[in-house]
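This report walks through a single protein chain, beginning with its aromatic residues and moving on to its sheet and its overall make-up. Please keep the sequence and the structure in view while reading.

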Amino acid sequence: MQEHLRAGPATGEVCPTLADDLLRGADAIAIFVFGDAKERRKVYYYASEAKVRMPTFRMGNVICARKSKLIDWIEQQEAAR
């Protein structure tokens, strides 16, 4: 088995680790979504004040998001137009 993959629960299927899907911090989220860490204020805005909220959560004081959830969220925004 490859190092970055693990067996899924009770199925034996290989799946990526959660760490591969996790973005920690506004800078990491901004780079993933907007392509630049300078856009970190947009992350805070979309996570808390925007009409359509970005799917984020907190681990302590650190804002986090899953890449897969952000991609789904973006696809939903595209479909709504």
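In this predicted model, Y46 is partly exposed, since its relative accessible area of 30% lies above the 20% under which a residue counts as buried and does not pass the 50% over which it would count as exposed. W73, by contrast, has a relative accessible area of 11% and is buried, because that value falls under 20%.

| Residue | Relative accessible area | Class |
|---|---|---|
| Y46 | 30% | partly exposed |
| W73 | 11% | buried |

How are Y46 and W73 arranged as an aromatic pair? Their rings meet edge-to-face, with 6.1 Å from centre to centre and 70° between the planes. The pair links distant parts of the chain, for Y46 belongs to helix α3 (residues 40-48) and W73 to helix α4, with the two positions 27 residues apart in numbering. The structure holds three aromatic pairs, and F34, Y45, Y46 and W73 together form one aromatic cluster. A charged side chain also takes part in the surroundings of F34, as K42 lies over the face of that ring at 5.2 Å from its centre.

The sheet can be described next. Three strands make up an open sheet in the order β3-β5-β4, and their pairing is antiparallel. β3 (22-24) and β4 (57-59) are the edge strands, and because each has a single partner strand, one side of each is left without a neighbour in the sheet. From one strand to the next, the twist averages 40°. The antiparallel pairing of β3 with strand β5 (residues 62-66) runs over three bridges, and within these strands L23 stands opposite A65 in β5. Helix α4 (residues 67-80) packs on this sheet, where it touches β3 and β5, and its direction makes about 70° with that of β5. Helix α4 is thus described twice here, since it carries W73 of the aromatic pair and also packs on the sheet.

Turning to the chain as a whole, the protein chain has four helices and five strands, which follow one another from the N terminus in the order β-β-α-β-α-α-β-β-α. Of its 81 residues, 20% are buried. Among the contacts with a separation of 6 or more, 35% involve residues 24 or more positions apart. The accessible surface of the protein chain comes to about 6,000 Å², and carbon and sulfur atoms account for 51% of that area.

Terms used:
Residues numbered from 1 in each chain as written. Predicted model: local features only at pLDDT ≥ 70, side-chain atom pairs only at ≥ 80, totals over all residues. Heavy atoms only, no water. Pairing = 2+ DSSP bridges. Axes fitted to C-alpha atoms, helices over the stretch in contact; angles between N-to-C directions. Contact = heavy atoms within 4.5 Å. Phe/Tyr/Trp six-rings, centres within 6.5 Å; stacked < 30°, edge-to-face > 60°. Buried < 20%, exposed > 50% of the residue type's maximum accessible area, 1.4 Å probe, protein only. Lys NZ or Arg CZ within 6 Å of the ring centre and 35° of its normal. Areas by Shrake-Rupley, 256 points an atom, 1.4 Å probe, with all protein chains shown as cover.
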